[in-house]
Amino acid sequence: MRTAFAFFALLLGACAEGTYLSPTDGRLATRIERSFAARDACLAKNAAADDVGNADPAAIARTVALACTSETEKLVEVSNRDGDPRAANAIRKDSEFRAMGYVLRARRQVSN
């Protein structure tokens with residue numbers, strides 16, 4: 001009897017909302033991954049293209065992040081479906097953080 005009850009409880013638990021991913025979730029995850037990749041590719045390209053010699057790395061990182069604003073905003077749009085301003089700001093700060101990493105790699109101050 002206990003075995004049947006445990007099986008029934010597990011069966012009901014598996015039916016809970018959000019347990020299974022829908023095809024829409026998979027497409028959304030793919031769109032988010034592509035947006036991340038496009039943003040990161042833009043950051044890498046712009047960090048490598050800038051004169052990273054003697055300039056302040058933080059200033060260059062801000063410039064690189066600004067150059068990739070359209071990619072960053074697409075990422076915000078795709079991944080922040082609720083319109084939470086804190087999430088949007090976190091993504092923008094992450095872009096600047098990643099831009100700094102690409103700038104430091106371009107200067108060979110950090111390894112991959």
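Q: Buried means under 20% relative accessible area, exposed over 50%, and partly exposed in between, with a 1.4 Å probe and protein chains only, so which of these words fits Gly 101?
A: Gly 101 counts as buried, because its relative accessibility is 19%.

Q: Before we go on, what kind of model is this?
A: This is a predicted model, in which local features need pLDDT of at least 70 and side-chain atom pairs count only at pLDDT 80 or more, while totals for chains, interfaces and linings use all residues. Residues are numbered from 1 along each chain as its sequence is written, and side-chain values use heavy atoms, with hydrogens and water left out.

Q: OK, and how many helices and strands are there in the protein chain?
A: The protein chain has 5 helices and 0 strands, and along the sequence it reads α-α-α-α-α. Helices here are DSSP runs of H or I with at least four residues, strands are runs of E with at least two, and both are numbered from the N terminus.

Q: How much of the chain is buried?
A: Of the 112 residues in the protein chain, 25% are buried.

Q: Back to Gly 101, then: which helix is it in?
A: Gly 101 lies in helix α5, where the buried residues are Ala 88, Ile 91, Ser 95, Ala 99, Gly 101 and Val 103.

Q: What lies across from Gly 101 in space but far off in sequence?
A: One such residue is Ala 47, which is 54 residues from Gly 101 in sequence and 9.1 Å away in space, C-alpha to C-alpha. Ala 47 sits in helix α2, residues 23–49, and it is buried, as its relative accessible area is 1%. Pro 57 is another, 44 residues from Gly 101 in sequence and 9.5 Å from it in space, again C-alpha to C-alpha.

Q: Why is the span of α5 in line with its residue count?
A: At 1.5 Å a residue, the 22 residues of α5 should span 32 Å, and the C-alpha atoms at its ends are 31 Å apart, so the two agree. The expected span is 1.5 Å times one less than the number of residues in the helix.

Q: How do α4 and α5 cross?
A: The axes of α4 (residues 69–79) and α5 (residues 85–106) come within 10 Å and cross at roughly 145°, where axes are lines fitted to C-alpha atoms, for helices over the stretch in contact, and angles run from 0 to 180 degrees between N-to-C directions.

Q: And which residues make that contact?
A: On α4 they are Thr 72, Glu 73, Leu 75, Val 76 and Ser 79, and on α5 they are Ala 88, Ile 91, Arg 92 and Ser 95, with contact meaning heavy atoms within 4.5 Å.

Q: Changing topic, what about Asn 80, where is it?
A: Asn 80 is in the loop between α4 and α5, and it counts as buried because its relative accessibility is 11%. Apart from its neighbours within four places in sequence, Asn 80 is in contact with Leu 75, Ala 87 and Ala 88.

Q: What lies 2.8 Å from a polar atom of the Asn 80 side chain?
A: That is the backbone oxygen of Asp 84. A side-chain oxygen of Asp 84 also reaches to within 3.1 Å of the backbone nitrogen of Arg 86, at the start of α5.

Q: Last one: where is Leu 28, and what does it touch?
A: Leu 28 is found in helix α2, and, leaving aside its neighbours within four places in sequence, it is in contact with Val 78 and Arg 81. The C-alpha atoms of Leu 28 and Val 78 are separated by 7.7 Å, although these residues are 50 apart along the chain.

Conventions. A polar contact is a pair of N or O atoms within 3.5 Å; within protein, one must be able to donate a hydrogen and the other to accept it, and residues adjacent in sequence count only if both atoms are side-chain atoms.
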